[in-house]
Amino acid sequence: MQPATARGTTPGMQREGVPFEELLEESRRDLTGYCYRMLGAASEAEDAVQETMIKAWSSRDSFAGRSALRTWLFRIAHNVCVDMLRSPQRRARPMDLGPSTRTADAVLGAPLTESAFVQPIRNERVIDTSGDPAVVAEARDTIRLAFVAALQHLPPLQRSALILCEVLRWSAAEVATLLEVTTASINSALQRARKTMAGFEPTTSMPLEDPAHKDLLARYLRAFEAYDMEVLVSLLRDDVVLSMPPFDLWLTGPADVRAWFVGEGSVCEGGRLLPLDVNGAGGFANYHLVEPGLWKPWAIQVIETDGGLIVGHHNFLYPEMFEAFGLPPVIDERGTPGRGE
């Protein structure tokens with residue numbers, strides 16, 4: 001079978017001679033970013049995009065370039081997301097589910113289901129990390145954990161309108177065409193969405209390119225791998241938050257964070273970290289020491305920083321996520337001089 005080819009020359013339309021599947025792949029990152037913000041989880045976003053691609057491919061002959069390809073694909077993706085959002089479960093952060101706990105009173109309890117929490121995603125899967133630094137920084141802000149969690153409080157139409165208009169910079173008229181509603185209804189949905197989102201404090205952060213940010217993360221990495229709690233605590237702001245999905249327990253303040261790491265959290269001692277850019281912030285893949293020279297996946301860390309200090313230390317204890325992040329299945333240095341011997 002010959003591949004379907006593109007027709008039309010208008011920006012956003014199919015392009016003459018370009019295979020249809022190539023145009024779909026070119027749209028994958030933008031669609032993943034939209035679906036991730038809508039659904040709050042990388043795995044669900046990937047499933048939604050895959051279903052969108054399948055639906056688009058199966059309908060390619062009926063499309064025939066009658067509207068902007070972008071609009072057509074996003075309409076399919078939106079409908080897929082709405083179908084997936086019919087569950088009453090709303091993804092959140094541990095901090096949204098209840099008050100913090102003192103380490104002395106902390107009990108992990110039973111893990112909640114994966115669907116309870118907003119899940120992390122690598123920056124490059126959902127945003128363009130090249131180009132103007134100011135534009136990249138703005139894009140990063142739209143995938144921060146707090147922002148994605150706040151979006152989950154909006155009903156689907158408001159959520160979609162806010163993402164499309166204020167994150168992806170579509171006009172209200174374009175969004176109305178996409179969602180097949182009136183422009184007035186989109187403007188009304190935007191007004192209600194902004195009112196709801198105003199109740200959520202935006203997070204501030206150090207730019208990832210800032211040398212001070214890079215130095216802070218480098219000092220954190222050395223302190224964590226050495227398990228030097230004195231140095232690590234010195235890098236934390238007074239209101240730092242520690243969270244550990246799939247558990248709803250969360251702690252705040254350097255003293256309680258330190259007490260956790262030298263107590264029940266001491267299982268992290270001897271771990272290895274690989275740097276990641278995740279959810280608009282710096283982060284690490286945390287590998288757990290299982291025997292001398294051998295580390296296995298343990299947690300994805302999202303490290304939020306501001307004012308030269310760490311303000312958020314979020315640990316996603318889902319070893320199964322490492323493959324989706326493109327991370328090695330193990331770190332094996334057994335027999336390596338100075339490491340495994």
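How are helix 9 and helix 10 oriented to each other? In this predicted model, helix 9 and helix 10 are roughly perpendicular to each other (angles of 65 to 115 degrees). The axes of helix 9 (residues 172-179) and helix 10 (residues 183-197) cross at roughly 110°. They come within 8 Å. Axes are lines fitted to C-alpha atoms, for helices over the stretch in contact, and angles run from 0 to 180 degrees between N-to-C directions. Helices are DSSP runs (H or I, at least four residues), numbered from the N terminus.

Helix 9 contributes Ala172, Ala173, Val175, Ala176 and Leu179 to the contact (heavy atoms within 4.5 Å) with helix 10. Helix 10 contributes Thr183, Ile186 and Asn187. Six of the residues in this contact are nonpolar, two are polar and none is charged. Here Ala, Val, Leu, Ile, Met, Phe, Trp, Tyr, Cys and Pro count as nonpolar, Asp, Glu, Lys and Arg as charged, and the others, Gly among them, as polar.

Residues are numbered from 1 along each chain as its sequence is written. Local features need pLDDT of at least 70, side-chain atom pairs count only at pLDDT 80 or more, and totals for chains, interfaces and linings use all residues, while side-chain values use heavy atoms and leave out hydrogens and water.

The axis of helix 9 also comes within 9 Å of that of helix 5 (69-84). These two axes cross at roughly 60°. Helix 5 is therefore oblique to helix 9 (neither under 35, nor over 145, nor 65 to 115 degrees). The crossing is right-handed (the near helix is turned clockwise from the far one by less than a right angle). On helix 5, the contact is made by Arg70, Thr71, Phe74, Arg75 and His78. On helix 9, it is made by Glu174, Thr177, Leu178 and Leu179. The contact of helix 5 with helix 9 has three nonpolar, three polar and three charged residues.

Ala172, Val175, Ala176, Leu178 and Leu179 are the buried residues of helix 9 (under 20% relative accessible area, 1.4 Å probe, protein chains only). Seen down the axis of helix 9, these residues fall within an arc of 160°, so they line one face of the helix. The arc is that of the directions from the helix axis to the C-beta atoms. The buried residues of helix 9 pack against helix 5, helix 8 (156-167) and helix 10. Just after helix 9, glutamate 180 takes a positive phi of about 60°.

Leucine 23 lies in helix 1 (residues 20-26). Leucine 23 is buried, with a relative accessible area of 3%. The C-alpha atoms of leucine 23 and leucine 69 are separated by 8.7 Å. The two residues are 46 residues apart along the chain.

Definitions and conventions:
Buried means under 20% relative accessible area, exposed over 50%, partly exposed in between (1.4 Å probe, protein chains only).
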